Amino acid sequence: MTAYRAARRHALKMLAGVVIGVVFIIAVDAWIGHSSIAFAIVIFGLFMANIGILGFNCPNCGSNLFFRGPLMLPWPNKTCSRCGTDLTKEAWRGG
Ligand SMILES: [Zn+2]
């Protein structure tokens, strides 16, 4: 698996998590009424799931695939923003 594909898989998992979270909040809202606890659970769950994002680094320079300079985006780089390595061809060595 390449670094880009591994990171993209994480991005898709997070996207699914966000969708499930929104559905969960809407469902709780409809059944019980407005609940900030449901909201807090979803935010906390997504935050915990997203910690894995820190493991997706460029195999060449260690720059994170989800960062473009100081900006963090929900989708990984195909080319390293720091050293220009083609991440669709570099093997991912894990976190
Ligand atoms: Zn790099």
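Let's start with confidence, since this is a predicted model. Among the elements of the protein chain, helix H1 (residues 3-31) has the highest mean pLDDT, at 96, while strand E2 (residues 71-72) has the lowest, at 88. Taken over the protein chain, the mean pLDDT is 93, and 98% of the residues reach 70 or more. Keep one habit in mind for any model like this: where pLDDT is low, the predicted coordinates should not be read in detail.

Now for the layout. The protein chain has two helices and two strands, and if you walk along from the N terminus you meet them in the order α-α-β-β. The radius of gyration is 16 Å, well over the 12 Å that the globule rule gives for 95 residues, so the chain is more spread out than a compact globule. You can also picture a box: along the principal axes, the C-alpha atoms fill roughly 50 × 25 × 15 Å. Buried residues make up 13% of the 95 residues.

So where should you look for a core? The largest nonpolar core has nine residues: Ala-3, Tyr-4, Ala-7, Phe-56, Cys-58, Leu-65, Phe-66, Cys-80 and Leu-87. Let's visit three of them.

Take Phe-66 to begin with. You'll find Phe-66 in the loop between helix H2 (36-50) and strand E1 (67-68). Is Phe-66 buried or exposed? A residue counts as buried with 20 or more other C-beta atoms within 10 Å, and Phe-66 has 22, so it is buried. Setting aside residues up to four places away in sequence, Phe-66 touches Ala-7, Ile-53, Phe-56, Met-72, Leu-73 and Pro-76. Phe-66 and Lys-78 are 12 residues apart in sequence, and their C-alpha atoms are 9.9 Å apart in space.

Next comes Cys-58, which sits in the loop between H2 and E1. Cys-58 counts as buried because it has 20 C-beta neighbours inside 10 Å. Its contacts, again skipping residues up to four places away, are Ala-3, Ser-63, Leu-65, Cys-80, Arg-82, Cys-83, Thr-85 and Leu-87. Glu-90 is 32 residues from Cys-58 along the chain, with 8.4 Å separating their C-alpha atoms.

Finally, look at Ala-3. Leaving out neighbours within four places in sequence, Ala-3 is in contact with Phe-56, Cys-58, Pro-59, Leu-65, Leu-87, Glu-90 and Trp-92. Step back to the whole chain for a last number: among contacts between residues at least 6 apart in sequence, 53% join residues at least 24 apart.

Key
Residues are numbered from 1 along each chain as its sequence is written. This is a predicted model: local features need pLDDT of at least 70, side-chain atom pairs count only at pLDDT 80 or more; totals for chains, interfaces and linings use all residues. Helices (H or I, at least four residues) and strands (E, at least two) are DSSP runs, numbered from the N terminus. A residue is buried if 20 or more other C-beta atoms lie within 10 Å of its own, exposed if 12 or fewer, and partly exposed in between; C-beta atoms are placed from the backbone. Two residues are in contact if their C-beta atoms, placed from the backbone, lie within 7 Å. A nonpolar core is a set of buried Ala, Val, Leu, Ile, Met, Phe, Trp, Tyr and Cys residues joined through C-beta atoms within 7 Å. pLDDT is the predictor's confidence in each residue, from 0 to 100. The radius of gyration is taken over C-alpha atoms; the globule rule is 2.2 Å times the number of residues to the power 0.38.
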